[in-house]
Amino acid sequence: MNRRPVRNPLDPVSKSIIEMLQVDGRRAYDSIAAELGISEESVVQRVEQLTDSGVIQITAVSDPLQLGFARQAMLGITTERTLTKQVAKSLAEIPDVVYVVLTAGGFDILVEVVGESDAHLLELVTAQIRPIAGVVSIHTFLYLELEKQTYTWGVR
């Protein structure tokens, strides 16, 4: 998702709509409108503006293990400094790469991947990611157990 700079700070009503949708992305707009004391049409317009501007996405979040992916990992990638953006763009094109972020600190890029097996993860790292021009090193952090994952930040 390409981030766009937020031009205007969000007002309390938009923040409340986001918070309600973070709790239940399928919540009916008429229910949101009733709780906030505004019209359903206003909620529809605000949600459209928020999605069109890239402030929010409404999507289903799945559990990769329940979908047949046995392995998840975070990769810390070090790159040749002048090629970091190009490496990130190449990584983003790989279907099994689900998250790419440029960072400051010990790694240039953090990447989250999902794999159907250890063999699949090995192939992904060694045959698809390592050969990308500009990749210097990869540190793999296998997920053993997910303790917490939320998407409710940003509005409270």
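In this predicted model, Arg71 and Asp118 form a salt bridge, with their closest N and O atoms 2.5 Å apart. Arg71 belongs to strand β1 (residues 71-79) and Asp118 to helix α5 (residues 118-129), so the pair ties together parts that are 47 residues apart in sequence. Both partners are partly exposed: Arg71 has a relative accessibility of 25%, and Asp118 has one of 48%.

The count of salt bridges comes to 4. Another of them joins the side chains of Asp108 and Arg81, at 2.0 Å from N to O. Here the two residues sit in loops, Asp108 between β2 and β3 (109-115) and Arg81 between β1 and α4, so the bridge ties together parts that are 27 residues apart in sequence. The partners differ in their surroundings. Asp108 is buried, with a relative accessible area of 8%, whereas Arg81 counts as exposed at 62%.

A further salt bridge links the side chains of Asp11 and Arg46, with an N to O distance of 3.0 Å. Asp11 lies in the segment before α1 and Arg46 lies in helix α3, so this pair ties together parts that are 35 residues apart in sequence. Asp11 is partly exposed, its relative accessible area being 29%. Arg46, by contrast, is listed with Val43, Val47 and Leu50 as the buried residues of α3.

Helix α3 itself covers residues 40-52. With 13 residues at 1.5 Å a residue, the helix should span 18 Å, and its end C-alpha atoms are indeed 18 Å apart, so the expected and modelled lengths agree. The buried set is Val43, Arg46, Val47 and Leu50. Viewed down the helix axis, these residues fall within an arc of 100 degrees, so they line one face of α3. Among the elements that cover them are α1 (12-23) and α2 (29-36). Gln49 and Asp52 are exposed on the other side of the helix. After α3 comes Gly54, which has a positive phi, near 85 degrees.

Helix α2, one of the elements covering α3, contains Ser31. This serine counts as partly exposed, at 30% relative accessibility. Between Ser31 and Glu41 there are 12 Å from C-alpha to C-alpha, for a sequence separation of 10 residues.

A similar reading can be made of helix α4. Its buried residues are Thr84, Val87, Ala88 and Leu91. They cover an arc of only 100 degrees around the axis, which puts them on the same side of α4. That buried side packs against β1, β2, β3, α5 and β4 (135-142). The face turned away from it carries the exposed residues Lys85, Gln86 and Lys89.

The loop between α4 (84-92) and β2 (97-102) holds Asp96. What does a buried Asp96 do without a salt bridge, and how far away is the nearest side chain of opposite charge? That side chain belongs to Arg71 and is 14 Å from Asp96. A salt bridge requires a side-chain nitrogen of Lys or Arg within 4 Å of a carboxyl oxygen of Asp or Glu, so Arg71 at 14 Å does not supply one for Asp96. The side chain of Asp96 does, however, make a polar contact of 2.9 Å with the side chain of His120. Setting aside neighbours within four places in sequence, Asp96 is in contact with Glu112, Val113, Val114, His120 and Leu124.

Glu112, one of those contacts of Asp96, lies in strand β3. It counts as buried, with a relative accessibility of 18%. The side chain of Glu112 makes a polar contact of 3.1 Å with the side chain of Tyr143. Apart from residues up to four places away in sequence, Glu112 touches Gln72, Ala73, Met74, Asp96, Val97, Val98, Tyr99 and Tyr143. Two acidic residues, Asp96 and Glu112, are thus in contact, and each has a polar contact with another side chain: Asp96 with His120, and Glu112 with Tyr143.

Key:
Residues numbered from 1 in each chain as written. Predicted model: local features only at pLDDT ≥ 70, side-chain atom pairs only at ≥ 80, totals over all residues. Heavy atoms only, no water. Helix = DSSP H or I, 4+ residues; strand = E, 2+ residues; numbered from the N terminus. Expected span 1.5 Å × (residues − 1). Buried < 20%, exposed > 50% of the residue type's maximum accessible area, 1.4 Å probe, protein only. Arc of directions from axis to C-beta. Contact = heavy atoms within 4.5 Å. Lys, Arg positive; Asp, Glu negative; His and termini not counted. Polar contact = N/O pair within 3.5 Å; in protein donor to acceptor, adjacent residues only side chain to side chain.
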